[in-house]
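This briefing introduces a protein model to a reader who has not met it before. Please look over the sequence and the structure shown below, and then read the points that follow.

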Amino acid sequence: GNPDYRDSGLQFPDGFIFGSATAAYQIEGAADEDGRGPSIWDTFSHTPGAVLDGDTGDKASDHYHHLEEDLDLMQRLGLHAYRFSISWSRIQPTGRGPVNEKGLAFYERLVDGLLERGIRPIATLYHWDLPQALEDEGGWTNRETAYAFAEYARIMGAALGDRIDTWTTLNEPWCSAYLGYGSGAHAPGRTDGAEALTAVHHLNLAHGLAITELRKVVTNDPDFSITLNLHVVRGEGAGGPEAVRQIDGLGNRVFLGPLLKGEYPADVLADTAAITDWSFVRPGDTEIIHQPIDVLGVNYYSTNLVRLWDGETPRQNADGHKDAAGSPWPGADRVEFVQQAGPYTDMGWNIEPAGLEELLVSLSEEFPDQPLMITENGAAFPDTLVQEADGPAVHDPLRTDYLQRHFTAAHRALARGVDLRGYQVWSFMDNFEWAYGYSKRFGIVYVDYDTEVRTPKDSALWYAKLVATGIIPAA
Ligand code: GBH
């Protein structure tokens, strides 16, 4: 039958790492301060028409100027871990060359502030904000970007390599490559399938090179990881299995293959042969990419339903790329994304906790020795701040319900033997939701963008109970 994904009273194992996540460009603001150089997201968000309502990350949640307050709030909620990203162009304003000490000092303060409060730092080196100067030389289509990234990783490893609990190289290279260079929905807004596939490989290579450099300089035996947005793909109709194979290939196996098996999937190379000959993969590259990682980060929000287009009826693309200039799925021209039955979040993504359980179980079946961590899960809903007798509040029962169901799914995966180490809720606070600007609120903490005042939502108070007890509370 259909399991109820709202069980409460379920206990997580001791040592399970409950935390929450953010990303630099989405929260920091202070875009021009302390020597920070521009990134592709500054350029993109300042390009008319690129981001809804012309929103930019110039100020964002102003985390750069609210650091102590935000750290105190994390401590109040009892978080075990905080997953944040480092802005490369704060460290190296042009992506190369000497360290900008003021930019580095911010992350020193952040990490030290976490450790003082007993919160584990999970640092992501790259959450989409490539220094613009590197994009001017071709960005991720240029192999040199991978080497520049490795140099930046070495700098960060040397500076913080005695204090970081988990190093994550890249967040969701799928988005960087296919939304950045394929559909054009994300920075740098390019729309070329061959460029997107080139970017896939250079991102994979950057991961491998960065891990190699980090291992040379860190001193505290941290965990090394990468975070992928893996796609749970289901098929519809006679062409369903073929459509699933193509999307699973471009969405999942093109990353998991080199990373965990040391080779690119042959079927993906064949599917895309008319677009590129993959000659950008040089001898030795897959060996660099294929290194043991301590934990694989998994971001999960929703599922995908696909089928083969009949070539006649109006084409459906419910993954959101129907309005984009290009396709985020190079070579999969016959695949249609089918609108699924709700309920949906404010992003229009269908809510399906069973997909999380399915994803975790299938990963652990395929890679039984690979520990996993949910590095993002959460939901956008339209929230409103209300004034109550005892102060401001945000009642967000839909988000609490979403989280309760997904924690239940994660617990079920654990009960089925999955080696799941922790769960980072997206997001710690409301922030700049990329192409959607400030119109979508993912935070468990509400941010008033006029005053930058923070208010924990009801979902944050619910989560604090889960973190404190290890037991999923009733919603
Ligand atoms: C994550 O991306 C990001 O890491 C985070 O920064 C972001 O704020 C958060 O999730 C919420 O969006 O892209 O239209 O084809 C998740 C990105 C969302 C990419 C679902 C694939 C499918 C629809 N993924 N998306 S579309």
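**Overview**

In this predicted model, 8 strands close into a barrel, with parallel pairing, in the order β1-β2-β3-β4-β5-β7-β10-β13. Neighbouring strands of this sheet are turned against each other by 25° on average, direction ignored. There is also an open sheet of 3 strands with mixed pairing, and a ligand that has 19 residues around it.

**The barrel**

- Strand β1, residues 17-21, pairs with strand β2, residues 81-85, in the parallel sense, and 3 bridges link the two.
- Within this pair, S20 has Y82 in β2 as its bridge partner.
- Helix α10 (residues 240-261) packs on the sheet, where it touches β5 (223-228) and β7 (295-299). The direction of α10 makes about 160° with that of β5.
- As general background, the strands of a sheet pair through backbone hydrogen bonds, and the pairing is either parallel or antiparallel.

**The open sheet**

- The 3 strands of the open sheet follow the order β6-β8-β9. β6 (232-235) and β9 stand at the edges with a single partner strand each, so one side of each has no neighbour in the sheet.
- From one strand to the next, the twist averages 40°.
- β6 and strand β8 (residues 303-308) run parallel and are joined by 4 bridges. V233 has N304 in β8 as its bridge partner.
- Helix α10, which packs on the barrel sheet, also lies across β6, β8 and β9 and runs at about 125° to β8.
- Helix α13 lies across β6 and β8, and its angle to β6 is about 105°.

**The ligand and its surroundings**

- Of the 19 residues that surround the ligand, the closest are Q26, H127, D319, E433 and W434.
- By class, this shell consists of 9 nonpolar, 6 polar and 4 charged residues.
- Helix α8, residues 173-183, gives the most to the shell, with 3 residues.
- Two side chains offer an N or O atom to an oxygen atom of the ligand: that of Q26 at 2.8 Å and that of Y301 at 3.2 Å.
- The backbone takes part as well, since a polar backbone atom of D319 is 2.4 Å from an oxygen atom of the ligand.
- Taken alone, the ligand exposes 570 Å², and the protein buries 87% of that area.

**Backbone features in the loops**

- The peptide bond that joins A187 and P188 is cis, with omega of about 5°. P188 is found in the loop between α8 and α9 (193-217), and α8 is the helix that gives the most residues to the ligand shell.
- Another cis peptide bond runs from G342 to P343, with omega near 0°. P343 belongs to the loop between β9 (335-337) and α13 (353-366). Of these two elements, β9 is an edge strand of the open sheet, while α13 lies across β6 and β8 of that sheet.
- A60 is not a glycine, yet its phi is positive, at about 50°. A60 is located in the loop between α2 (40-45) and α3 (67-77).

Key: Residues numbered from 1 in each chain as written. Predicted model: local features only at pLDDT ≥ 70, side-chain atom pairs only at ≥ 80, totals over all residues. Heavy atoms only, no water. Near = heavy atom within 4 Å. Polar contact = N/O pair within 3.5 Å; in protein donor to acceptor, adjacent residues only side chain to side chain. Areas by Shrake-Rupley, 256 points an atom, 1.4 Å probe, with all protein chains shown as cover. Nonpolar A, V, L, I, M, F, W, Y, C, P; charged D, E, K, R; others polar. Pairing = 2+ DSSP bridges. Axes fitted to C-alpha atoms, helices over the stretch in contact; angles between N-to-C directions. Contact = heavy atoms within 4.5 Å.
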